[in-house]
There are 2 protein chains.
Amino acid sequence: MPELPDSSPPDIPDSLPLNSVGLVEPQVFEFEEPLELSCGRSLNAYRLVVETYGELNDKKSNAILICHALSGDHHAAGYHSANDTKVGWWDEYIGPGKPIDTTLFYVVSLNNLGGCHGSTGPCSINPDTDKPWGKDFPPLRIRDWVHSQARLADRLGIDQWAAVIGGSLGGMNAMRWSIEYPERVRHCAVIASATKLTAQNIAFNEIARRAIRSDAQFFDGDFLEQDAIPRDGLALARMIGHVTYLSDELMGERFGRELRSGSFQQGLEAPVEFQVESYLHHQGKRFAESFDANTYLLMTKILDYFDLAREYNNDPVEAFGHAQCKFLVVSFSSDWRFSPARSREIVDALIAANRDVVYTEVESTMGHDAFLLPNERYESVFRTYMLKVAQEC
Amino acid sequence: MPELPDSSPPDIPDSLPLNSVGLVEPQVFEFEEPLELSCGRSLNAYRLVVETYGELNDKKSNAILICHALSGDHHAAGYHSANDTKVGWWDEYIGPGKPIDTTLFYVVSLNNLGGCHGSTGPCSINPDTDKPWGKDFPPLRIRDWVHSQARLADRLGIDQWAAVIGGSLGGMNAMRWSIEYPERVRHCAVIASATKLTAQNIAFNEIARRAIRSDAQFFDGDFLEQDAIPRDGLALARMIGHVTYLSDELMGERFGRELRSGSFQQGLEAPVEFQVESYLHHQGKRFAESFDANTYLLMTKILDYFDLAREYNNDPVEAFGHAQCKFLVVSFSSDWRFSPARSREIVDALIAANRDVVYTEVESTMGHDAFLLPNERYESVFRTYMLKVAQEC
């Protein structure tokens with residue numbers, strides 16, 4: 001299991017931005033009661049690593065659950081140390097005065113089951129073998145996350161979330177909450193997501209998985225026992241993902257056809273010549289150093305398997321008929337991996353199911369990554385919606 | 001070098017389609033005069049493998065040059081044997097009564113220099129070492145192809161092509177012809193192409209190259225000497241290409257989310273569950289069996305390097321100012337790798353340069369591959385244009 005940050009009491013330095021949640025410390029929650037999984041197996045015990053921001057009010061009515069995307073974790077906002085140069089992945093949208101305002105809400109963010117940042121997953125020790133689970137970790141579905149998150153809510157004394165919020169894979173997690181525990185969700189925010197992946201999305205995921213499985217350092221999933229890391233495979237997987245999360249337009253703006261050196265090297269042995277190539281290799285390398293390969297396979301399979309309406313006669317209207325909460329749905333114009341058309345399918349089904357829904361398609365050149373990035377219109381819609389959520393707390 | 005097909009005289013069986021060019025036989029052309037390359041090196045001698053369809057007229061004015069795309073070769077139309085199950089890659093558009101009508105034109109199709117289907121390339125023997133060139137094969141630019149093709153025209157007695165035609169990378173080849181040898185081209189047909197790749201395109205190419213280079217069987221480009229083939233890398237490269245050549249819509253229509261078995265296997269060890277995954281693996285495997293890895297690196301670099309206007313003050317209008325021929329430009333609505341916007345840039349530059357141009361954006365769900373596939377509107381525009389070309393022969 002990766003090391004958790006040092007738990008000595010933090011000193012908040014003056015230099016952190018005023019609208020930051022500041023220094024935060026992950027907490028560990030151990031669950032000893034067995035969790036039945038949708039694959040038929042069960043976990044006898046599991047651990048979830050969690051961060052919280054803001055205060056739970058007396059009525060315990062202002063709790064927000066943040067669901068992370070493919071490569072996300074519990075660290076959604078703030079800093080882990082005074083000289084931490086990297087903020088949480090959704091710091092742009094969580095903090096005092098931000099759309100998910102921590103002066104109004106008690107925000108709960110966890111590393112999901114199967115993750116590789118402290119929660120029980122393929123890197124954890126399997127108590128039956130005293131070795132890391134590795135490839136033997138049970139396959140999961142999003143509903144398994146929802147059940148594990150419901151137990152976390154119980155532990156925190158939260159009967160009903162003011163809102164469950166997620167982007168991409170996290171949006172699928174949020175939608176599943178609305179159907180599995182209708183009475184425990186007041187609002188559901190589904191950002192840059194879909195009721196199921198397209199064949200093209202599945203194809204990109206499978207290519208990424210094959211890149212990992214093809215790496216000689218993968219050792220059929222047993223790389224941990226071999227003290228190896230399939231770096232090349234992980235880097236390739238990330239590079240594929242990265243290109244598809246950005247828009248063509250954004251890549252053009254950011255890199256164009258700029259060369260690293262003044263002119264072409266023009267050899268088979270001068271592999272990296274364009275800036276965009278260099279950028280991608282850097283992204284791949286960073287990812288390969290911080291992410292577990294079995295977790296990547298597990299998470300992308302969870303994405304591929306998700307099909308909101310499969311158990312509801314393949315009818316999303318029937319599926320959403322079970323929800324009771326109100327919905328915010330957001331998409332981004334240049335997101336071609338979870339396109340606005342996919343969000344409109346969600347909205348159409350919600351309307352047909354007589355659910356209360358606010359939808360906005362935000363103009364952006366940032367592709368799928370837009371849901372993480374600054375954008376005035378997105379912020380404004382998100383903030384307005386969340387103020388309405390706060391008024392009902 | 002790959003074996004050329006058996007050269008015994010063919011018997012045309014009755015069963016070949018009437019609008020087929022029938023049985024065809026590749027010819028080998030050896031060029032002994034050194035070819036100066038744009039990288040500063042030169043090839044002392046080279047071989048081109050060529051197929052021709054139809055008859056050269058007495059005025060030698062009806063010759064058409066076909067330029068192939070990334071993974072293409074000289075076998076553009078017809079069959080190599082009576083029980084050949086696979087026709088040439090552009091058989092849909094070349095043949096008696098087809099848009100490139102072999103009763104009207106003398107069609108010349110070659111495997112480009114650097115290729116791996118018989119022409120001199122990384123798999124050929126380097127006379128200086130008596131070993132395959134491999135990664136030491138000189139890097140090429142499209143203008144090197146144009147010069148080698150001009151010598152082929154000389155050999156065939158063709159002073160001026162009635163038309164130079166190509167799709168994708170082949171379209172770049174055709175455009176370069178129009179500028180390098182203005183007086184030798186009457187018409188230029190540029191299909192699903194661009195004056196230069198976008199950053200996104202370069203990114204996909206680099207990911208494909210990295211997949212090949214990461215394969216342990218690549219041996220730093222010396223796999224031939226090791227009697228190895230980087231199959232996994234080649235397969236991955238092809239899978240990435242394939243997904244980007246198809247449209248999201250087409251993949252949805254063709255595969256949807258269909259499972260290979262009735263229900264989910266749900267394990268990390270059950271890697272291929274969706275039909276689309278199985279299809280991609282099949283494509284990857286087939287490609288890995290027939291294509292040379294160094295050639296793939298070389299060809300994708302040629303694509304990345306191509307920038308029509310670089311030597312013309314980065315101004316495509318100035319570049320096309322050197323052309324004298326008439327142009328047909330075709331794009332396909334769902335082609336996101338060489339989008340209609342890229343074709344419109346070509347058309348805008350041609351108009352600004354006072355060139356004669358016909359442009360059509362064809363409605364299609366087939367993505368980039370549309371240029372190879374049946375499509376009534378595309379056929380009709382292409383045929384009409386080619387009849388005009390024939391009238392001028």
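## Helix α5 of chain B

Let's start with one helix: in α5(B), the buried residues are Asp248(B), Leu250(B), Met251(B) and Phe255(B). They span an arc of only 160° around the axis, so they sit on the same side of α5(B). Please keep in mind that this is a predicted model.

What covers these buried residues? Among the elements that do so are α6 of chain B and, from the partner chain, α3 (199–214) of chain A. Just after α5(B) comes Gly256(B), which has a positive phi, near 50°.

## Where the chains meet

Stepping back to the whole contact, chain A contributes 46 residues and chain B contributes 46 residues. On the side of chain B that touches chain A, at least two residues come from each of α3 (199–214), α4 (231–245), α5 (248–255), α6 (275–290) and α7 (293–305) of chain B. The helix that gives the most to this side is α3(B), with twelve residues.

As for chemistry, the residues on the side of chain B that touches chain A comprise 24 nonpolar, 13 charged and nine polar ones.

## How the two copies are related

Two copies of a chain are related by a rotation about an axis and a shift along it. Here, a turn of 180° with a shift of 0.0 Å along the axis lays chain B on chain A with an RMSD of 0.0 Å. This is the relation of a two-fold axis.

Which surface does each copy use? Of the interface residues of chain B, 100% are also interface residues in chain A, so the copies meet through the same surface.

Methods:
Residues numbered from 1 in each chain as written. Chains lettered and ligands numbered in written order. Predicted model: local features only at pLDDT ≥ 70, side-chain atom pairs only at ≥ 80, totals over all residues. Contact = placed C-beta atoms within 7 Å. Helix = DSSP H or I, 4+ residues; strand = E, 2+ residues; numbered from the N terminus. Nonpolar A, V, L, I, M, F, W, Y, C, P; charged D, E, K, R; others polar. Buried ≥ 20, exposed ≤ 12 C-beta atoms within 10 Å, placed from the backbone. Arc of directions from axis to C-beta. Least-squares fit on C-alpha atoms with pLDDT ≥ 70 in both.
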